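Visitor: I would like a close look at one part of this structure, and then at the charged pairs in the rest of it. Please take it step by step.

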Amino acid sequence: MTSSVPRLVIAAPSSGSGKTTVATGLMAALAARGLAVSPHKVGPDYIDPGYHALATGRAGRNLDAYLCGPELIGPLFLRGASGCDIAVVEGVMGLYDGAAGEGELASTAHVAKLLRAPVVLVVDASSQSRSVAALVHGFASWDPEVRVGGVILNKVGSDRHEALLREALDSAGVPVLGVLRRVAQVSTPSRHLGLVPVAERRAQAVEAVAAMAEQVRAGCDLEGLVALARGAGALACAGWDAAEAVACSPPPPLPVPSLGAAAPRPPLRPEGPRPQTPDGLDIADRRSEVRVAVAGGPAFTFSYAEHAELLTAAGAEVVTFDPLRDEQLPDGTDGLVIGGGFPEVYASELSANEPLRKAVAALAESGAPVAAECAGLLYLCRELDGQPMCGVLDAGARMGERLTLGYRDAVAVSDSVLAVSGTRMRGHEFHRTVVEPGAGVHPAWGVRTPERRVEGFVERGVHASYLHTHWASEPGVARRFVERCRTS
């Protein structure tokens, strides 16, 4: 099977050059022309895809060759691009910057090669003129397998400045496909972990995306960009399918014994013989008997689209709730997933919602499966910056002085609702908070950073950790979680 979805990768020499402005503006400008645009982001970042989704009306999807493996980049891309007219992929950091110590792995250049996609280089031209030609030539010639098909000049100061830049680039052999002037209204506010997510400033984000679209429409050669995208090479793979991934994952082992006493839970289904799928799971169970609540709203915005798709494929009904607003978990909740986000920004509001905090604590006490990543870990602690949280974990959380950031190789060191001990996964840490202690009696992961350490908590049905993982790399995680929802 081959696919030739037109596609572009928007890259830059370094962070801060304007990739997000150009990529998001291009997505929105193409969508305004009536094209179905598939938005993608290289790397683990959760925030930019929110702006991409706003620009296109489709879920922003990540393409991370470290978290998921190079072999899944094409299939995951095609899953998102199915039925679309064109795809725009925003890069990460500088074009050739990848996972530390891993060469090109997970770099924008690596993903562009895996996608056989042309690259458009966004250059911050604010402090240069003729030197831009040397910079573009260097990036275009560094790796002959990376096709730099055009350049967009950003932060150009004047007509005279533009003329000097174009004259210099005439000798570089890379066409200029856009010139953007400095425009204040397209800026988006940032804080300690990057841009402020769309969910926290939707009205302003809509205005910002509209301004980006107008700047790209006015300053870029949209026809030239679309023509370049149509020159992408064919991909010889099929789109990723959650149901197929779950079906091909190993059957879940027997239920993990609860760590500590758990209150009894009522049976989820009546007794008696039931129709079975080939892997031995009840057909009815797959369809309707498991309800997984997923935290959302402004405080918990970090989630990969594939996670909900995998849970659904494993037989769960996925229901989103907002811990800032909802005072109870969704009716019939059998399992709980609390992803990443910014609970430190909303600590007072989360603490004030005492009924929900008690409901989460009661669910965890019952032994029901609870999976918490990063922000979810903080929410399950006794307190966060002095504000009472759910108290599921005997640990306290606070803002720290330094940023913890980077990819991690991890191995499960305790049997849990997500994985059996010894399961290896790759993850990503990105936080400026500290949890003390950093690990429980039964840690979640052993991780390799510059040093080796254990981190996270496995207690009863709870798996809580700072580590963000991408379940598409290990679909058995979703299948195991849903099966635990049935049997706990």
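Guide: What follows looks at one helix and then at the salt bridges. The model is predicted.

The helix is α6, which covers residues 159–169. Its buried residues are His161, Glu162, Leu165, Ala168 and Leu169. Viewed down the axis of α6, these buried residues fall within an arc of 130°, so they line one face of the helix. The face turned away from that buried side carries exposed residues, namely Asp159, Arg160 and Glu167. As for what the buried residues of α6 pack against, the partners are α5 (131–142), β6 (148–156) and β7 (176–181).

Strand β6 leads on to the charged pairs, since it holds lysine 155, while aspartate 124 lies in strand β5 (residues 119–124). Side chains of opposite charge can pair when their charged atoms come close. Aspartate 124 and lysine 155 form a salt bridge, and their closest N and O atoms are 3.8 Å apart. The two residues are 31 residues apart in sequence, so the pair ties together separate parts of the chain. Aspartate 124 has a relative accessible area of 25%, so it counts as partly exposed. Lysine 155 is also partly exposed, with a relative accessible area of 30%.

A second salt bridge sits within a helix, α7 (residues 202–219), and joins arginine 217 to glutamate 214. Here the closest N and O atoms are 2.6 Å apart. The two residues are separated by about one helical turn, because they are three residues apart in α7. Arginine 217 is partly exposed, at a relative accessible area of 47%. Glutamate 214 is partly exposed as well, with 40% relative accessibility.

A third salt bridge runs between arginine 291 and glutamate 317, with the closest N and O atoms 3.0 Å apart. This pair links distant parts of the chain: arginine 291 is in strand β10 (residues 290–295) and glutamate 317 in strand β11 (residues 316–321), 26 residues apart. Arginine 291 is partly exposed at 22% relative accessibility. Buried means under 20%, so arginine 291 does not count as buried. Glutamate 317 has a relative accessible area of 34% and is partly exposed too.

Salt bridges can also share partners, and in this way Arg61, Arg79, Glu306 and Glu309 are joined into one network. The structure holds 24 salt bridges.

How values were computed:
Residues are numbered from 1 along each chain as its sequence is written. This is a predicted model: local features need pLDDT of at least 70, side-chain atom pairs count only at pLDDT 80 or more; totals for chains, interfaces and linings use all residues. Side-chain values use heavy atoms; hydrogens and water are left out. Buried means under 20% relative accessible area, exposed over 50%, partly exposed in between (1.4 Å probe, protein chains only). Helices (H or I, at least four residues) and strands (E, at least two) are DSSP runs, numbered from the N terminus. The arc is that of the directions from the helix axis to the C-beta atoms. Contact means heavy atoms within 4.5 Å. A salt bridge is a side-chain nitrogen of Lys or Arg within 4 Å of a carboxyl oxygen of Asp or Glu.
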